Amino acid sequence: MSDNPFHTHLPRNPKESVTFMLVIAVISVNTIPVVIGGLISGFTLAMWTDVLQMMPALLVAVVAVVLLTMKPAQLLTSRLVRPGDSFRAHMILHTLCSVLLISLMMTVVGTWISTRQISTEPLEQFAHLWPRNCTIAFLIEALLAQPVARQAMRLHHQRVDARAALAAA
């Protein structure tokens with residue numbers, strides 16, 4: 001176990017990393033496109049059901065993009081934070097770096113999925129689309145998805161650590 005008091009808030013092994021990523025991805029895919037779609041066409045039941053139909057493809061795309069951007073986001077984060085910085089500083093900057101990279105790709109891929117066609121439209125509209133998408137994604141990640149996933153990890157680790165302590169006694 002680490003001396004870091006926040007060791008319980010983050011995945012400790014590959015299986016937990018997958019779970020952590022899926023919690024974040026499911027929350028993100030169920031909120032970010034709904035907010036973006038609502039801002040574009042209005043918050044209606046028809047818009048929401050359209051987004052629901054796209055969610056499996058969006059979930060696959062988000063997981064693929066997260067995996068592609070994971071290392072670059074870690075490298076970028078490591079250039080911005082220092083070892084003495086707080087856990088919150090590390091988490092906010094890592095979230096910002098991740099969302100920055102993911103939103104660059106998902107602005108294009110997400111548009112292709114939502115319009116059900118590959119076109120140059122998201123590239124032509126990129127300067128207009130990306131700042132809004134990145135802001136929405138960052139707010140949802142920083143205020144909802146990441147905190148929920150870290151809390152789920154903390155609760156899981158409390159159970160695992162309690163079982164290990166009981167077994168050692």
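**Entry 1: a term to settle before looking**

I take a residue as buried when its relative accessible area is under 20%, as exposed when that area is over 50%, and as partly exposed when the value lies in between. With that in hand I looked up Leu139, whose relative accessible area comes to 44%, so I enter Leu139 as partly exposed. I also note here that what I am reading is a predicted model.

**Entry 2: the chain as a whole**

I went through the secondary structure and found 5 helices and 0 strands, with the order from the N terminus running α-α-α-α-α. Taken along the principal axes, the box filled by the C-alpha atoms is roughly 60 × 35 × 25 Å. The chain has 169 residues, and 36% of them count as buried. For the accessible surface I have about 10,100 Å², and carbon and sulfur atoms account for 69% of that area. I then checked contacts between residues at least 6 apart in sequence, and 71% of these join residues at least 24 apart.

**Entry 3: the nonpolar cores**

Which residues touch the most other members of the largest nonpolar core? I found Val51, Leu58, Val62 and Met106, in a core that holds 17 residues. Two or more residues of this core come from each of helix 1 (14-41), helix 2 (45-80) and helix 3 (87-115), and helix 2 gives the most, with 10 residues. Apart from this core I found another, made of 7 residues, including Ile32, Val99, Ala137 and Ile140. Returning to Val51, I listed its contacts while leaving out residues up to four places away in sequence, and Val51 touches Pro33 and Val34.

**Entry 4: Leu139 and its patch**

I came back to Leu139, which I placed in helix 5, a helix that covers residues 126-168. Together with Leu143, Leu144 and Val148, Leu139 makes a nonpolar surface patch of about 360 Å². The partly exposed state of Leu139, at 44%, goes into the notebook beside that patch.

**Entry 5: Glu121**

Is Glu121 buried or partly exposed? I read a relative accessible area of 38% for Glu121, which puts this residue among the partly exposed ones because the value lies between 20% and 50%. Glu121 belongs to helix 4, which spans residues 121-124. I also looked up the separation between Glu121 and Arg82, which stand 39 residues apart along the chain, and their C-alpha atoms are separated by 40 Å.

Key: Residues numbered from 1 in each chain as written. Predicted model: local features only at pLDDT ≥ 70, side-chain atom pairs only at ≥ 80, totals over all residues. Heavy atoms only, no water. Helix = DSSP H or I, 4+ residues; strand = E, 2+ residues; numbered from the N terminus. Buried < 20%, exposed > 50% of the residue type's maximum accessible area, 1.4 Å probe, protein only. Patch = residues over 30% accessible without salt bridge, like charges linked within 9 Å, V, L, I, M, F, W, Y side chains within 5 Å. Areas by Shrake-Rupley, 256 points an atom, 1.4 Å probe, with all protein chains shown as cover. Salt bridge = Lys/Arg side-chain N within 4 Å of Asp/Glu carboxyl O. Core = buried A, V, L, I, M, F, W, Y, C linked by side-chain atoms within 4.5 Å. Contact = heavy atoms within 4.5 Å.
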